[in-house]
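Open the model in your viewer and keep the selection tool at hand. This tour goes stop by stop: what to select, then what is there.

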Amino acid sequence: MRDRFRDLEGPLAVRKKDVVLMATVSSFESLSHPTRSELRQFAELFTPLFQASSDEAKRQAVAALSQCPTMPAAVALFIGNQPIEIAAPFLAASKAIADDTLITIARMQGAAHVKAIVSRDSLSPKVIDALVALRQTQPRPAAPAVPITESEAVPLSPASAESEAEALEEQRIANEEALRERILDLAGHLGRKDEDRLGLRTLTDIQEALLVRFARSREANHFATALADALSASRWLAERIMLDLSGQQLATTLTSLGMGFLDAVFVLERFYPHLAEQQHNVTRAWMVLDVLDPEECHERVEAWRRADRYTYKPEAAVTTALAESESHRIVRQAPVQRDMRVLGRRSR
C-alpha cells in the first residue's frame, strides 16, 4: 500500500495536490479490511496532503471518507476539528468515529459542530449524556446606561447677568434631554419584545437541537432528561409536564424557554399526535402555541420551578441525610456486650 501511495506522490504532489489527495482517499476506500499498518500509513500520508489541498478537494475527501466503516482515530479527530463547512458531513454520517472522539470534538468546537453531531442517525447514551451536560454560554453585554449630566458650576466672572441666565438655561435643557432619553430607555426595556430574552431562562442552541432530535425519534426518556437540564429542575417536574396529554403544559414550557415557534409545533405534534390534526389550514399544535402569552408562560414555569425546589429533595441530599443519621446512630450505639446482657435479661 505504501508503494502505491508513493507512486502517486511523485510529480503530482508538486503540481496537483488535490489529485494526490483524492487518489489517496480512493486507495484507502478500496481496502475493505485495512490492517493496522495500512491505517497507520494512511494517517501519516493524509494529514500533510489534506493541509496542502484546496477547500473543494478537502470537502470531497471528507465526504468520501464519511462513508468508510473504518478510520484511524487520529484522522477522525483531525477531520472533526476542521471548520464546520468541511467537517459537517463527516460528523453527521461517519460510523467510524468513536464516542470519545465525538465528545472531545463537541467540547473543543462550537455549537455548529454540536448541531452536526446531534443530527446523526444514532447516538449512544454516553454521547447523549455528554451533550446534555455540555453548556454553551455566551455572556451578553449589558446595555450601557445613559448618564445624567450633572450641572456644572458656573464660574464667577464679571459677565452680565443675562449671559449667566442663558448658560443656566442651556444646562437645564441638556439635563432634561438626558433624563428624557433615560426614561425612554427604561420604557423600552419594560415593553420587552418577544425576541428580547435578556434576564430570562433561554434554551441554548445545543439544548434546542437535542429536544428537537429526541422529539423526532419520540425518545421520551431522553427528552425528559434534556428538558430537566434546560429548566435546571428535577426530572420529576419534566415528566410531570410531559404527562399532560393536552400538551398545554409542554407548550407553556417551550414558549417560556424561547424555543422557535416552528420547532415547538413540531415537538408537540410528535409527542401528542392529536395535536397534528388540521384545523383551519393549521394544526392544533399551532393554535395552542399561537394563543400563549410569553410573559404569562414565563411566570407559570417559574412557579412550577419554585414548587419543584420546595418539594423535590435531590438524591444527594437524601444520601447525606442517611449518612449523617447512620453515623449519629453508630456514635450513640451501646457496646456489644451490654446489648447482649440486656437481651439475655429480657429473654428470661
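## Stop one: a salt bridge in helix α14

Select Arg235: its relative accessibility is 30%, so the residue counts as partly exposed. Buried means under 20% relative accessible area, exposed over 50%, and partly exposed in between, with a 1.4 Å probe and protein chains only. Add Glu239, partly exposed at 33% relative accessibility. Arg235 and Glu239 form a salt bridge, with the closest N and O atoms 2.8 Å apart. The term asks for a side-chain nitrogen of Lys or Arg within 4 Å of a carboxyl oxygen of Asp or Glu. Both residues lie in helix α14 (residues 235–242), four residues apart, about one turn of the helix. Helices here are DSSP runs (H or I, at least four residues), numbered from the N terminus.

Two notes before moving on. This is a predicted model, where local features need pLDDT of at least 70 and side-chain atom pairs count only at pLDDT 80 or more, while totals for chains, interfaces and linings use all residues. Residues are numbered from 1 along each chain as its sequence is written, and side-chain values use heavy atoms, leaving out hydrogens and water.

## Stop two: helix α5

How many salt bridges does a search of the whole structure find? The search finds five. For another one, select Arg59 and Glu56. Their closest N and O atoms are 3.2 Å apart. Both sit in helix α5, three residues apart, about one turn of the helix. Arg59 is partly exposed, at 33% relative accessible area. Glu56 is partly exposed too, at 41%.

Stay in helix α5 (residues 55–65) and select Lys58. Lys58 is buried yet has no salt bridge. Its nearest side chain of opposite charge is Asp55, 4.1 Å away. For charge, Lys and Arg count as positive and Asp and Glu as negative; His and the chain ends are not counted. Now show what surrounds Lys58. Leaving aside neighbours within four places in sequence, Lys58 is in contact with Leu21, Phe50, Gln51, Ser53 and Ile86. Contact means heavy atoms within 4.5 Å.

## Stop three: helix α18

Select Glu302 and Arg305. Their side chains meet in a salt bridge, 3.1 Å from N to O. Are these two residues buried or exposed? Glu302 is buried, with a relative accessible area of 18%. Arg305 is buried as well, at 7%. The two are three residues apart in helix α18 (residues 294–311), so about one helical turn separates them.

## Stop four: the phenylalanine cluster

Turn to the rings. A pair of aromatic rings is described by the distance of the centres and the angle of the planes. Rings of Phe, Tyr and Trp (its six-membered ring) pair if their centres lie within 6.5 Å; planes under 30 degrees apart count as stacked, over 60 as edge-to-face and the rest as tilted. The whole structure holds seven aromatic pairs.

Select Phe46 and Phe78. Their ring centres are 6.4 Å apart and their planes stand at 85°, so the pair is edge-to-face. Phe46 lies in helix α4 (residues 36–52) and Phe78 in helix α6 (residues 73–80), so the pair ties together parts 32 residues apart in sequence. Phe46 is buried, at 1% relative accessible area. Phe78 counts as buried at 19%.

Next, compare a second pair: Phe261 and Trp286. This pair is edge-to-face, at 4.8 Å centre to centre and 80° between the planes. Phe261 is in helix α16 and Trp286 in helix α17, so the pair ties together parts 25 residues apart in sequence. Phe261 is partly exposed at 31% relative accessibility, and Trp286 is partly exposed at 33%.

Back at the first pair, widen the selection. Ring pairs link Phe28, Phe42, Phe46, Phe50 and Phe78 into a cluster. Phe50 is also one of the contacts of Lys58.

## Last stop: Val127

Select Val127 in helix α10 (residues 125–133). Val127 counts as buried, at 1% relative accessibility. Which residues are in contact with Val127, leaving aside its neighbours within four places in sequence? They are Asp99, Leu102 and Ile103. Draw a distance from Val127 to Asp99: the C-alpha atoms are separated by 6.2 Å, with the two positions 28 residues apart along the chain.
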